[in-house]
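Grab a pencil and work through these exercises one at a time. Try each task yourself before reading the solution below it.

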Amino acid sequence: MKVSLNWLKEYVDLSGIPVSEIIHNLTMSGLEVEEVINQNEIYKNFVVGFVKEKIKHPNADKLSVCKISNGTEEMQVVCGAPNVEAGQKIVFAQIGAIVPNGNFKITKAKIRGTESFGMICSESELEISSNHEGIMVLSSELKEGTPISEALGLDDVLLEIAITPNRSDALSHFGVARDLSAIFDRKLKLPEINLEEYENGIKDFASVEILDPINCPRYSAKVVKDVIVKESPDWLKQAVQKIGMRPINNIVDVTNYIMYETGQPLHAFDLKMLKGNKIVVQSTTVESQFTTLDSKVRKLPANTLLICDAEKPVAVAGVMGGENSEVTSDTKNILIESAYFNPSSIRRTAKALGLSTDASYRFERTTNAGGTIYAAERAAQLIAELSGGKVAQGTIDVYPNAVKQPVVTVRFARVEKILGYYVEPEKIRKIVLALGFEITFENDEQISVRVPLFRPDVEREIDVIEEIARINGYDNIPTISSFSVPLGVKHDESSFYDKVRDTAVGLGFYEMINNPLQNEKTAALTGNQIGVLNPQSLDMAYLRTSLVPGALMVAAKNFNVGEKNLALFEIGNVFNKNSEETEIKSFSDFKEETKIIFLLSGKASLKEWHGRDKNYSFYYLKGLINSFLNNFTLDNVLNDSYYHSGNRIFDFIFAKEHDGNLIGNGGRINKEVLNYFNLQQEVFCFELDLNLLEKLSTQKSKYNPLLKYPKMMRDFAFIFDKEIEYEDVAEFIKKNGGSLLQFVRIFDLFESESLGVNKKSMAFELEYFNENRTLKDEEVEKDFNNLITLVSNKFNAKLRGN
Amino acid sequence: MLDEKIETIHSEFLKEIPEADNSKKIEEIRIKYLSRNGLLSSLFEELKNAPKEDKPLLGKKLNEMRNSIAQTFEQAKAKVDTTGKFFENKIDLSLPGITRAIGSKHILTQTLDEIKNIFKGMGFSVTLGPELESDYYNFEALNFPHDHPARDMQDTYFINNNFLLRTHTTPVQVRIMEKEEPPIRAIMPGRVYRNEAVSARSYCMFHQVDGIYVDTDVSFAELKATLVSFAMQFYGSDLMYRFRPSFFPFTEPSAEMDITCFLCHGSGCKICKGSGWLEILGCGMVDPNVFKSVNYDSEKYTGYAFGMGIERIGLLKYGIDDIRIYFENDLRFLKQF
Ligand SMILES: [Zn+2]
């Protein structure tokens, strides 16, 4: 919210306090000053100028050349505004001035061949309003050369304050001034009402009825007769502009001014347009339509709180008035509405209409139910002063159920317990009084306060403790120098993932983090996708069902920038509904699982002086996944299986299972999927379920005594038919190699014409040992020779000569 | 005569043997001195013809020399055998070494690890929770009433009326408290979502670490001390800090913690928007309403909570000017950390 320091000073004496200290203390007490605009700085080098002469620019139809006097000298200025005329007083930006809108510096310039020494400004260029239709014409009474900051009262400091949602009271100058008065211990002096009322009573002119007292607990109104609607005086226009609003007329400007002063939103109706001179506050029961004063037709849902006259709606309560009853230049009599609405009701309506106004913003944060009459009277007084109107006697105030003021007891010991330091009761007393609380009871241990209605956020002891803490300053809260840590069991639920990451990194993988939101088609590729109700775009409307698509998109992006050799991994959650039709009603309707994806593509190693380059392949993927799993002692727990087809994503498929449950799978991304993601080279992926893996890997491995006796190695090579698979041979060897054979390892594989058509050679190394004794040459030789015969017979294989 | 010859051959051998740094030279030496037709054999031949009276002495000398040569030779041979090619040739030591690839953790993970380690050192556990969360845990139990403007503080992706993508890791606090009795001291790292337009300054998701401590006597003073200790360990011990009042529905009193901008050291710059301060986290004392929703007695227990964003730290620390780069996963970026 924009706040004017000059304005605040009307309510609290801040003399002798430097601006920087005011700003610092506001921030440190919870009203964070986000931006400071010092008008004196901004409007340096802007003065009142007098247009002595205006002639047409010799080379441009739309430009004119003016002679501007700044009181001491005359300067030539080229101006493009159609409304500049000789005899006007204008805002003259001299050489060196920095124009606020656009932030450019005025220098000597040549425009279409004519020299120009400054600029005549519009309101929008000065950023005092959005009006950019021509230059700003000033009152002829202003003296040439007067600094603009002085002439227009632009000598203020404007503060942009971030108001947290709980502090509805601070959405007004009163509220901010009240905090300042508490912080600096200066008296708060709010303006007193000084009404001159017309003899006729308000009841002769209007009446108010509330049909929905839940959503409209209070409605106050004043009537002002015989107003003349016209431009506001300069001081009011400037005040309204400072807080970022556009001056409209003396009635609307006053209602806005009082809203920014008191926090109470007001609305002025043209009384003549209210049928039956009546206000009826009620909620709709069906959907309806209504034209608001911005001339837009609004669709109103059922249960919208409306302000109506005897026949029709005239305003959307708390949000915006209607076109049919707004104040126009013909208006003579007005009714000023000053109400208190149920915050939830206003919030629902504003949300439904997609419309947030200064009024709805305040109402939905809870306004001061106790301040409606004051605001109405203050507005009536000002309107009467500025419009020549007469205030009808009395105030209508329909207030069926008084809003309760809580009485809160604060225990001094509790303050100390929460804050960690002792605050003197006298200090507490002073703070609560300065903030407008009324003390109803006090003794040595506690104090009870009645909370004013302008502080709806304060309801409990803890709320008052917060007030004490913030006004006394968080800096006064000590920092202790040590604390004790109980010796209970500490756990780290992320430690397994840490180990997973470390292992992946050790194997050469780089970690990526992807956006889990993707488009529907992509999410549907790998599971039962869950959609987001209110996505930013269709590209981010569904949660990922697998980590594969995200990884492939990363591969595509990297290929595009020339990074073709990739070893990547990601740990992340994936989301799947139980079935395509499932509606999510509980946590059991979907699964959120943590997975890891590995991706390989391009070269595993580059061509080097010591060796040839190697491409990532299915075998790299398989090998790296096994190396990875080795770190989790899972070698004998998981079963492998392989397929050439049957998966939507992969064609060379490699899966890890445990007890029939799939732990992970992967392989080579198939052609269709490569095309879908626009990938121009082979990619290999493997996705593992980390939740399952974590469960399995917690099984502790047992210590194996170290082998005390030597091993014996043998090797052989056979020529096989090409279709015979490695694993069948290896399994056969293991099974039939005798009890001394412990390990089998393939160490050579090749095909060549010399072997014959459709033949291949596989060479195996065999490791023999016995844990309890040294082996004899003869026994190994016997097993080995026996195995050669068995393999030859079983696979019709030919032993290759040594 | 023979005496001199013995001396000459011995010294010749001793000169040659140090240069025998490969198996070829070793073999040459063996042939020259120790083979059947080698120099030692020829000396023993000559001994046969030596004068009788000289024979014992010369023989002894010759035997000693042979033993010495044989021993030295064996040592030299063994050295060549075990060092293999080491002595073979001079190699180009300036060639690049043969590497083995190592990857790296994402910078966000590294940052998170650092934060985790600091809090674990202060006795905090680490707890995780789901990203697809219920409205109850994300908002209601944390004292965000329905239809309350506080909900506007966090733009939310809804799945439906009751489920959403969590907007902060704070719901994990509720989940822990539902399961355990105080004392509770834990941090809760994780991914959170905000329904904001993607730009250089904001993304639809980011990472957070929340923390909570609940016990019989936890005060704001302890909160301050803990977070100051964290900040000094993480950002450097020479920083200045301040706590200023703020608002979060689930804490009261609430605060934001600022530290002196480490780019301009407090004098004001673009990053700190001229203020000299950087906001690093939000915190406060756990609101009694939160205790109520997990059936803790707020008269008996007090607690503090805090939360910080991880992405922002990197933006500040490494001068990253576009938050999207974290999630592009361009290998050139990943390799930098
Ligand atoms: Zn800075």
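**Exercise 1. Domains of chain A**

Which domains does the domain assignment of chain A give?

Step 1: Know what you're looking at. This is a predicted model, where local features need pLDDT of at least 70, side-chain atom pairs count only at pLDDT 80 or more, and totals for chains, interfaces and linings use all residues. Residues are numbered from 1 along each chain as its sequence is written, chains are lettered from A and ligands numbered from 1 in the order in which they are written, and side-chain values use heavy atoms, with hydrogens and water left out.

Step 2: Read off the bounds, which come from an automatic or database domain assignment. For chain A they are domain 1 (2-40 + 157-184), domain 2 (44-151), domain 3 (197-398), domain 4 (408-476), domain 5 (495-697) and domain 6 (712-799).

Step 3: Now pair up two of them. The C-alpha centres of domain 1 and domain 4 of chain A are 22 Å apart. In this pair, 11 residues of domain 1 of chain A are in contact (heavy atoms within 4.5 Å) with nine residues of domain 4 of chain A.

**Exercise 2. The overall form of chain B**

Work out whether chain B is spread out or a compact globule.

Step 1: List the parts. Chain B has 12 helices and nine strands; helices (H or I, at least four residues) and strands (E, at least two) are DSSP runs, numbered from the N terminus.

Step 2: Compare radii. The radius of gyration is taken over C-alpha atoms, and the globule rule is 2.2 Å times the number of residues to the power 0.38. For the 337 residues of chain B the rule gives 20 Å, but the radius of gyration is 39 Å, well over that, so chain B is more spread out than a compact globule.

Step 3: Check the spans. The C-alpha trace of chain B covers about 125 × 45 × 45 Å along its principal axes.

Step 4: Bring in the domains. Chain B is assigned domain 1 (2-89) and domain 2 (107-130 + 166-334), and the C-alpha centres of these two domains of chain B lie 80 Å apart.

**Exercise 3. Two helix pairs**

Describe how α2(A) packs with α5(A), then do the job again for α1(B) and α3(B).

Step 1: Recall the recipe. For two packed helices, you give the angle between their axes and the distance between the axes. Axes are lines fitted to C-alpha atoms, for helices over the stretch in contact, and angles run from 0 to 180 degrees between N-to-C directions. Under 35 degrees counts as roughly parallel, over 145 as roughly antiparallel, 65 to 115 as roughly perpendicular and the rest as oblique.

Step 2: Take the chain A pair. Helix α2 (residues 19-28) and helix α5 (residues 173-184) of chain A meet at about 100 degrees, their axes 11 Å apart, and α2(A) and α5(A) are therefore roughly perpendicular. On the α2(A) side you'll find E21(A), I22(A), N25(A) and L26(A), facing V176(A), L180(A), I183(A) and F184(A) of α5(A).

Step 3: Take the chain B pair. Helix α1 (residues 2-16) and helix α3 (residues 39-48) of chain B have an angle of about 170 degrees, with axes 11 Å apart, and α1(B) and α3(B) are therefore roughly antiparallel. L2(B), K5(B), I6(B) and I9(B) of α1(B) make the contact with L39(B), L43(B), E46(B) and L47(B) of α3(B).

**Exercise 4. Unusual backbone spots**

Find where the peptide bond from E252(B) to P253(B) departs from the usual, and what phi N295(B) has.

Step 1: Start with the general picture. Most residues other than glycine have a negative phi, and most peptide bonds are trans.

Step 2: Look at the bonds. The E252(B) to P253(B) bond is cis, with omega near -5 degrees, and P253(B) sits in strand β7 (residues 251-260) of chain B. P182(B) and P183(B) are also joined by a cis peptide bond, with omega about 0 degrees.

Step 3: Look at phi. N295(B) isn't a glycine, yet its phi is positive, about 60 degrees. N295(B) is in the loop between α9 (288-293) and β9 (302-309) of chain B.

**Exercise 5. Buried or exposed?**

Decide whether M308(B) is buried or exposed.

Step 1: Set the cut-offs: buried is under 20% relative accessible area, exposed over 50%, and partly exposed in between (1.4 Å probe, protein chains only).

Step 2: Apply them. M308(B), in strand β9 of chain B, has 2% relative accessibility and counts as buried. Its contacts include I115(B), F119(B) and F230(B).

Step 3: Contrast with N295(B), which counts as exposed at 72%.

Technical notes
Lists of a residue's contacts leave out its neighbours within four places in sequence.
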